[in-house]
Amino acid sequence: MALLQKTSGTLVFFLLGGGLFGGLLGETLLFFSPSGFIKEAFVKSYQIGIVTPVTFDLFLITFTVGFAMRVNLMILLGVLLGLYTYKQV
C-alpha cells in the first residue's frame, strides 16, 4: 500500500521540493566554498526566461508579464533527487 498517490501534483511537489533543496544547498556552498572549480561548476547560476518584465499599458488596465528561472548544477541535482524520491514512493 502506497502512502501517496502518484499524481501529477505530487510529481510537481517533489520536483519543486528537490529544486528548492538543491538551491538552498547551492547557496550554502556559495557561502562556504573558496573560489575555484567547485564554486564555478556547482554554484554559478544562469537565468532563463524574461528577466526584465514586459509591461502592456492599455490605458484602462496595465499588464506586467515576466518569468525567470535560475538554474545551476545543484538545483538540477536537487530536481533529480526529487524525481528519484517520487519514484521510490
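## Helix α1 and its buried side

A residue counts as buried when its relative accessible area is under 20%. With that in mind, let's start with helix α1 of this predicted model, which covers residues 8-32. Its buried residues are T10, F14, G18, G19, G22, G23 and G26. These buried residues pack against two other helices, α2 (37-43) and α3.

How does the span of α1 fit its 25 residues? At 1.5 Å a residue, the helix should span 36 Å, and its end C-alpha atoms are indeed 36 Å apart, so the two values agree.

## Two buried residues of α1

T10 is a good place to look closer. Its relative accessibility is 17%, so T10 counts as buried. The side chain of T10 reaches back to the backbone oxygen of T7, at 2.8 Å. Leaving out residues up to four places away in sequence, T10 touches Q5 and Y86.

F14, also in helix α1, has a relative accessibility of 15% and therefore counts as buried too. Beyond residues up to four places away in sequence, F14 touches L4, G82, T85, Y86 and V89. Y86 is worth finding in the 3D view: it lies 72 residues from F14 along the chain, yet the C-alpha atoms of F14 and Y86 are separated by 6.2 Å.

## The largest pocket

Next, turn to the largest pocket, which holds about 260 Å³ of space. Its lining is made by L15, L16, G19, L20, G23, L24, M69, R70, V71, I75, L76 and V79. The elements that each give two or more residues to this lining are α1, β2 and α3.

Which element gives the largest share of the lining? That is α1, with 6 residues. Two of the lining residues, G19 and G23, are also on the list of buried residues in α1. Sorted by class, the lining has 9 nonpolar, 2 polar and 1 charged residues.

## N72, between β2 and α3

N72 sits in the loop that joins β2 (62-71) to α3 (73-88). Is N72 buried or exposed? Its relative accessible area is 6%, so N72 is buried.

The side chain of N72 has partners on two sides of the sequence. It makes a polar contact with the side chain of S45, at 3.4 Å, and it reaches the backbone nitrogen of M74 at 3.2 Å. Setting aside neighbours within four places in sequence, N72 is in contact with F42, V43, K44 and S45.

## L77, along α3

Helix α3 also holds L77. At 41% relative accessibility, L77 counts as partly exposed. To get a feel for distances here, follow the chain from L77 to K87: the two are 10 residues apart in sequence, and their C-alpha atoms are 15 Å apart in space.

## F59, an exposed loop residue

The last stop is F59, in the loop between β1 (46-57) and β2. Its relative accessibility is 82%, so F59 counts as exposed.

What is notable about the phi of F59? Phi is positive here, at about 70°, although F59 is not a glycine. As background, most residues other than glycine have a negative phi.

Methods
Residues numbered from 1 in each chain as written. Predicted model: local features only at pLDDT ≥ 70, side-chain atom pairs only at ≥ 80, totals over all residues. Heavy atoms only, no water. Helix = DSSP H or I, 4+ residues; strand = E, 2+ residues; numbered from the N terminus. Buried < 20%, exposed > 50% of the residue type's maximum accessible area, 1.4 Å probe, protein only. Polar contact = N/O pair within 3.5 Å; in protein donor to acceptor, adjacent residues only side chain to side chain. Contact = heavy atoms within 4.5 Å. 1 Å grid on protein atoms, 1.4 Å probe; cavity = no way out; pocket = protein on both sides within 12 Å on 5 of 7 lines; lining within 4 Å. Points joined across faces, edges and corners; volume = space filled by probe spheres on them. Nonpolar A, V, L, I, M, F, W, Y, C, P; charged D, E, K, R; others polar. Expected span 1.5 Å × (residues − 1).
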